[in-house]
Structure formats: structure tokens, C-alpha cells
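Biologist: Please take a close look at the interior of this structure. I would like to know what is packed there, where space is left, and how the strands are paired.

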Amino acid sequence: MSYDFTSSADRSGTNAEKYTLREELFGTEDVLPAWVADMDIDTPDFVLESVKKRLEHPVIGYEEFPKSAFEAQIRWMRKHHGIEYDLEGMFYSHSVVASMQVVIEAFSNKGDEVIVQTPIYPPFFHAPVHMERKVVKNPLKCLEDGTYTFDLEDLQAKITKNTKLLLLSSPHNPVGRVWKKEELESLLKVCEENNIIIFADEVHCDLVYEPSKHIPLTSLEAADERVITAIGVGKTFNMAGFAVSSIVVPKNLREQFKKAYDNVHFAQGSVLSHVAFESAYNNGEEWLQELKLHLYKNYEMLLELSKKYKEYIELTPIEGTYLAWLDCRKMNLSNKELREWFVKEAKLGLNAGLSFGKEGSGYMRLNFAVSSAKMAQIITQLENALQRKKENEH
């Protein structure tokens, strides 16, 4: 079966976050939104069909999260990532951020230190602050070719007896790195030596481009004693609106985790989310393969454009996710001016790099998980704006 990503449903008349917040965030509705990390690509038909079938039964009441749904996820992770998860260690969550907050609550106290590796998805440093923990920033090291790696010397220098947790993004949002096995092993070794628990956000694990390969942190030796993993269907199959994901907790940490988890009363989620979740993992392999080919073509369009206007924009090499990290420092604009330039000149609504930490100064994040038609529109608007800038300067 072949899937068509050339066009997608119009979301502008719906309650879609990236559309309804345009005026509030960008001061105008006249922008094409390419910020919040969901796709402007139709959710797979097999997911929607399974939900329609469930709606043939007229009672939508309380239901337990089905064992068969977790088993479908276990099979998927075994086949695609070579990891064997224990059914007893899998817990329902409505979001990765909620999962992260439970882990912070379970394995640290107020005033304890939580390490984040900036630039990073903003809730990584907002959640610990909100929970009265001390955020310790261990910035990624930006190499000459624009790629990033861990700065382990900086990490070791910043660890104290109060350092309890490290929050890992793998694959990394926003820089698009898919961490290599040796990088993860080195990071794990530092955490092992200092008895630090790792929360691994691996929700982008299925969105990895060849030859890169996602290595689940829990697949590494000794990781199963200190790593809690968040995974789910939201990113992979554009199902964020179903509010369903998983937390995978090793046996030795379950009792402590469950105390915090039960205090929140997660319950079991939505009936329709259960059905959608299971259907995605049971039927999604071919769709995902075709999606990744499509997404990489979109990335290549951006890459071609950045090479044409390399005096203004450089595209950080990507290995995973559908989030492009644009280095715009050569444009010589302040962060406020840069954001305004994208809104007023390119008529694009992007995430400002500064929101990911001060290491994101001069960068912008662009979500290229859109249809071919919308990607062509993004490229045209951005190219026209860059061309006008070039003409005005000469």
C-alpha cells in the first residue's frame, strides 16, 4: 500500500493549538505556523478506522488500559529497536511532561539538583523550577561542523552530592542528534558513578533517518537500574491529541516511582486513546517507513535552500526528529529582531531558539512535518524573504 503525503486536511478552522494561538504568539494570524511539534499530516487512516469501529458501541465509560495495547508496544519496540520491555514495568501517562514531573517528584526533593542539557525542549527546565528543584545546565558541546555532543567534563564538574536526576532527550529536541552507543555509555557511566537517575525522553525514537539508529538507553548494560524511559505514539503517528504515552520503569525503582505516580491519580486514560494506541503499533510499520522518506525530502528542501543562502542561514545536520535547527546568527539580528523577521518578512511562525536556553540564541526551530504542498509554501516564503534581504543589502 502506498500513502500520500502530498496534501493534508486544513486545520485552520479547527481548535489546533498551532493555529488558534497565532495571534497571541506572533501578533498576527497571517503566518504559516511551523512551531509546536505535531504534524500537519493526516493521522493514519487505520488509527481513525479503529476509533470509528469502537464508537459503534454506544457506551464510552471507564476502561482499564488494555494489556494488549502495551503488548503491541512491546512487540514494536522489540522489532524496531531491539529492546525487550517488561509488561509489569509499563505505566500509562497522558504526556511525557507529566511523566517527567512524576519522576522528579519520586526521585528528588525540593532543593535537589536536576541536570538538563541545553539547548533543550523548554519543559525540561521549566518543570524542575516549578517543582522547586535547582536546574543545573550542562550545555551540549557544539562542534565545528554544527553538530552537537555531550560535554562530559562540564557535567562531571557540576555534579554535587545534591545532584539526583539527569533529564535526557534522545533523539534530541531541538538539535536533531541521535546519540551513538558510545556517547550514551559515557553519559551512563558518569551517572552510575554518582548515583544519578536518568529520565530518558525517547518519544522521537521512531523518527530516525538512515544510517543513524536509535539506541534505547535501557538497552545498555547497568542502565536498567537507573533509567526511566518515556515513549509513545504521539510523535510517530501524529496522535498527540489522544493524550496517551508510556513510562517504562525498571523493577528496582518501581515501588518508589509508584508512590508519586499514584499520588497524581493518572487513572487509565481515554477509551478511544487505548484503541488508537494499539492500532498504531499493530498497523503502522509501512506508513512510518513512507512517512520518514517524505520527511527527509522536506528536510533536503530546507538543506538546499540553506546552501543557497549560506551567508544567512546554516542548517544543523539532522539525524532524527522532524524539527530543523536553523543557525541564523549570520543574519546579525537580535533574538527579537530575528523572530520578527520570520513573522513579518517570511510570514512563518517558528519557535525562537532562545526559548530552548541561552545556547539557542540566534537560532530558530522549524517543524518540517508537513505535506509536500505546505513544505513548498514554507520554502517559497522563506526564499522570497531571504532574496529580498539579499537585494536590500546589495
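Modeller: The answer below goes from the packed parts to the empty spaces and then to the strands.

This is a predicted model, in which local features need pLDDT of at least 70, side-chain atom pairs count only at pLDDT 80 or more, and totals for chains, interfaces and linings use all residues. Residues are numbered from 1 along each chain as its sequence is written, and side-chain values use heavy atoms, with hydrogens and water left out.

In soluble globular proteins, nonpolar side chains tend to be buried together. A nonpolar core is a set of buried Ala, Val, Leu, Ile, Met, Phe, Trp, Tyr and Cys residues joined through side-chain atoms within 4.5 Å. Buried means under 20% relative accessible area, exposed over 50%, and partly exposed in between (1.4 Å probe, protein chains only). The largest nonpolar core here has 101 residues, and Tyr322, Phe342, Phe368 and Leu382 have the most contacts inside it. Helix 5 (residues 96-107) gives this core its largest share, 8 residues. Helices (H or I, at least four residues) and strands (E, at least two) are DSSP runs, numbered from the N terminus.

Phe342 shows what such packing involves. Apart from neighbours within four places in sequence, Phe342 is in contact (heavy atoms within 4.5 Å) with Ile313, Leu326, Cys328, Lys347, Leu348, Leu350, Met364 and Leu382. A second, separate core has 27 residues, among them Ile159, Val190, Ala223 and Trp325.

Next comes the empty space. Rolling a probe the size of a water molecule over the atoms shows where such space is left. On a 1 Å grid over the protein atoms alone, a cavity is a set of points where a 1.4 Å probe fits but cannot get out; a pocket is an open set with protein on both sides within 12 Å along at least five of seven lines; lining residues have an atom within 4 Å of a point. Grid points are joined across faces, edges and corners, and a volume is the space filled by probe spheres set on the points.

The whole structure contains 1 cavity of 30 Å³ or more. The largest cavity holds about 40 Å³. Ile313, Leu326 and Leu382, listed above as contacts of Phe342, belong to its lining, together with Leu302, Leu305, Ser306 and Leu386. Helix 11 and helix 13 (372-393) each supply at least two of these lining residues, and helix 11 gives the most, with 3 residues. The lining has 6 nonpolar residues, 1 polar and no charged. For these classes, Ala, Val, Leu, Ile, Met, Phe, Trp, Tyr, Cys and Pro count as nonpolar, Asp, Glu, Lys and Arg as charged, and the others, Gly among them, as polar.

Helix 11 (285-308) also appears in an open space. The second largest pocket has a volume of about 460 Å³. Of its 17 lining residues, Asp206, Val208, Tyr209, Glu210 and Lys292 lie nearest the centre. Helix 4 (67-81) and helix 11 are the elements that give two or more residues to this lining, and helix 11 provides the largest share, 6 residues. By class, the lining splits into 7 nonpolar, 5 polar and 5 charged residues.

The largest pocket has a volume of about 810 Å³. It is lined by 36 residues, of which Val36, Ala37, Tyr121, Lys235 and Ala240 are closest to its centre. Helix 2 (22-26), helix 5 and strand 14 (351-352) each give two or more residues to the lining, which has 20 nonpolar, 9 polar and 7 charged residues.

Strand 14 leads to the strands. Two strands pair if DSSP finds at least two bridges between them. An open sheet of 4 strands runs in the order 11-12-15-14, with antiparallel pairing. Strand 11 (314-315) and strand 14 are its edge strands, each pairing on one side only. Strand 14 meets strand 15 (residues 363-367) over 2 bridges, and Asn351 stands opposite Arg365.

Parallel pairing occurs elsewhere. Strand 7 (residues 163-169) is largely enclosed by the rest of the structure, because 6 of its 7 residues are buried. Strand 7 pairs in the parallel sense with strand 3 (residues 113-116) over 4 bridges, and with strand 8 (residues 197-201) over 5 bridges. Ile115 stands opposite Leu166 in strand 7, and Leu168 stands opposite Ala200 in strand 8. Glu113, in strand 3, is buried at 7% relative accessible area.
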